[in-house]
Amino acid sequence: MTAIDKQVRLQAAQMLELMYAARGVGLAGNQVAWPYQLFVMNPKADPAQKEHEHVLINPVIVERRGSVEGEEGCLSFPGLYQRVRRAKWVKVQAYNTEGQLVEYLTNQLPAEVSELTTRILQHEIDHLEGILFIDKLGPVARLAARTKVKDFEREFRRAQERGEIPPDAELEKQLAGGAVEL
Ligand code: ZN
């Protein structure tokens with residue numbers, strides 16, 4: 001990403017809208033066909049709990065420790081859950097929408113969000129690198145699941161057309177009025 005500008009903030013806001021609408025906890029740019037190294041997350045899946053809402057730009061895992069298996073789903077594959085092995089905690093560096101470098105050290109987060117946040121960070125950074133959690137499935141199941149990715153992108157565009165996700169102009173108004181916190 002060359003610049004963290006208004007366009008990037010608008011897109012992040014749209015991604016958060018979609019994520020909450022789908023009751024997800026994380027969503028990566030390339031899941032909605034936006035070619036940005038960016039993802040949004042809220043381990044509480046609750047738009048009212050803004051303190052748990054994060055936008056990570058150009059995120060990098062700089063440290064990972066331990067190993068733990070847990071169940072994972074993905075907005076690109078509704079209804080599909082799979083046990084996935086991940087690091088037990090990670091240290092991630094990323095830029096926020098203000099262009100400031102932010103560090104996430106997940107073993108220092110409050111217990112209620114630390115485990116899920118660790119999983120979200122790894123899952124979403126995988127997305128940005130083109131790795132899907134289904135890549136951890138066998139080859140046949142993986143092939144079947146991959147066709148669902150395009151369906152999800154198409155569904156997102158349709159939801160936008162139906163007005164279920166605010167169009168850019170509306171979000172711009174909300175941002176100007178301070179209605180959307182970023
Ligand atoms: Zn996913």
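Why are H123 and H127 separated by about one helical turn? The two histidines lie 4 residues apart in helix α2 (residues 111–128), which means about one helical turn between them. In an α-helix there are 3.6 residues a turn, so residues three or four places apart point the same way. The model is predicted.

**Zinc site**

Both H123 and H127 serve as protein donors of the zinc ion through NE2, and C74 contributes its SG; the donors lie 2.0 to 2.2 Å from the ion. Along the sequence, the donor residues follow the spacing C-x48-H-x3-H. H123 and H127 are each buried.

**Helix α2**

α2 has 18 residues. Of these 18 residues, 14 are buried, so the rest of the structure largely encloses the helix. The table lists geometric values for α2 and for the residue that comes just after it.

| Item | Value |
|---|---|
| α2, first C-alpha to last | 26 Å |
| α2, expected at 1.5 Å a residue | 26 Å |
| α2, bend at T117 | about 25 degrees |
| G130, phi | positive, about 80 degrees |

The reach of α2 is thus close to the expected one, and the helix bends at T117.

**Aromatic pair**

The count of aromatic pairs comes to 1. The ring centres of F77 and F133 are 5.8 Å apart and the ring planes meet at 50 degrees, so the pair is tilted. This pair links distant parts of the chain, with the two positions 56 residues apart in numbering: F77 sits in the loop between β4 (68–72) and β5 (82–86), and F133 in the loop between α2 and α3 (139–161). Both phenylalanines, F77 and F133, are buried.

Technical notes
Residues are numbered from 1 along each chain as its sequence is written. This is a predicted model: local features need pLDDT of at least 70, side-chain atom pairs count only at pLDDT 80 or more; totals for chains, interfaces and linings use all residues. Side-chain values use heavy atoms; hydrogens and water are left out. Donors are N, O and S atoms within 2.8 Å of the metal (3.2 Å for Na, K and Ca); water is not among the atoms, so sites may look incomplete. Buried means under 20% relative accessible area, exposed over 50%, partly exposed in between (1.4 Å probe, protein chains only). Rings of Phe, Tyr and Trp (its six-membered ring) pair if their centres lie within 6.5 Å; planes under 30 degrees apart count as stacked, over 60 as edge-to-face and the rest as tilted. The expected span of a helix is 1.5 Å times one less than its number of residues. The bend at a residue is the angle between axes fitted to the seven residues ending there and the seven starting there.
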